[in-house]
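Hi everyone, thanks for coming. Let's walk through one structure together, and please stop me if a term is unfamiliar.

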Amino acid sequence: MNHTPNTPAASRINTKQMALIALVTALTCIISPFTVPIPLSPVPLSLATLVFYISIFILGYKAATLSCVIYLLIGFAGLPVFSGFGSGLAKLAGPTGGYLFGYLFLTLIAGFFVEKFQGKYRYFFYGVGMVCGTAVMYTFGTLYLAWQLDLTFLQGLAAGVIPYLPGDTLKIVIALIFGPMLKKRLAMIQ
């Protein structure tokens, strides 16, 4: 009698996908600690969002979110993978912790748009998804930042969002250019 598992093939993670998740997670851990301080803000400019924007093209939203979870767990465990080479519970619970957890919303929302919208206007929808995911990440992060630093929400926006909008716009454009290209090239690898 032939016994096959009840799990559909689409929900299983194969070796190639595990390797890609590990690679993207490693790249996130390598790139994210490097930051550019922004005057008048406690939140430094990080390239982590660029990695997450591109990861949704390479991995899809479920695996990109898994990669994000692994990244957060690695940082929580004490490896210096967060901005400014930070790590641990203190960083996750500190003023920028809301943005770190906001990465989960970013990968889920932006990745959903990238995975589900195809056709003629797909790049428009990809951009919309990235903007929506970023907005949710910023909302979550700003609420937490404002609570931690005893700021109003508008003060939190001024400190933790507005200075970063030009950089995030550039990161989205870069991801829209290179993400689909990387996805196409990786699809050719068997």
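Before we start, one term: a residue counts as buried when its relative accessible area is under 20%, as exposed when that is over 50%, and as partly exposed in between. With that in hand, buried residues make up 41% of the 190 residues in this chain. Please keep in mind that this is a predicted model.

Let's begin with the overall picture. The chain has eight helices and two strands. If you follow the sequence from its start, you meet them in the order α-β-β-α-α-α-α-α-α-α.

How does the radius of gyration compare with that of a compact globule? For 190 residues, such a globule would come out near 16 Å, and the chain has 17 Å, which agrees. Along the principal axes, the C-alpha atoms fill a box of roughly 65 × 40 × 25 Å. Now take the contacts between residues at least 6 apart in sequence: 68% of them join residues at least 24 apart. As for the outside, the chain exposes about 10500 Å², and carbon and sulfur atoms supply 74% of that area.

Now let's zoom in on one helix, α8. Helix α8 covers residues 165-188, which is 24 residues. From its first C-alpha to its last it reaches 35 Å, close to the 34 Å expected at 1.5 Å a residue. Still, α8 has a bend of about 30 degrees at alanine 175. That same alanine, Ala175, is one of the buried residues of α8, and the others are Asp168, Lys171, Ile172, Leu176, Gly179 and Pro180. What do these buried residues pack against? Their partners are β2 (45-46), α2 (48-59) and α6 (122-149).

Last stop: the cysteines. A disulfide is a covalent bond between the sulfur atoms of two cysteines. How many disulfides do we count here? The count is zero, with two sulfur atoms needing to be within 2.5 Å. Take cysteine 68: the closest cysteine sulfur belongs to cysteine 29 and is 10 Å away, so it is too far for a bond. Cysteine 132 is in no disulfide either, as the nearest cysteine sulfur, in cysteine 68, is 18 Å away.

Are these two cysteines buried or exposed? Cysteine 68 has 0% relative accessibility, so it counts as buried. Cysteine 132 has 33%, so it counts as partly exposed.

That's my tour, and I'm happy to go back to any part of it.

Technical notes: Residues numbered from 1 in each chain as written. Predicted model: local features only at pLDDT ≥ 70, side-chain atom pairs only at ≥ 80, totals over all residues. Heavy atoms only, no water. Helix = DSSP H or I, 4+ residues; strand = E, 2+ residues; numbered from the N terminus. Expected span 1.5 Å × (residues − 1). Bend = angle between axes of the 7 residues up to and from the residue. Buried < 20%, exposed > 50% of the residue type's maximum accessible area, 1.4 Å probe, protein only. Contact = heavy atoms within 4.5 Å. Rg over C-alpha atoms; globule rule 2.2 N^0.38 Å. Areas by Shrake-Rupley, 256 points an atom, 1.4 Å probe, with all protein chains shown as cover.
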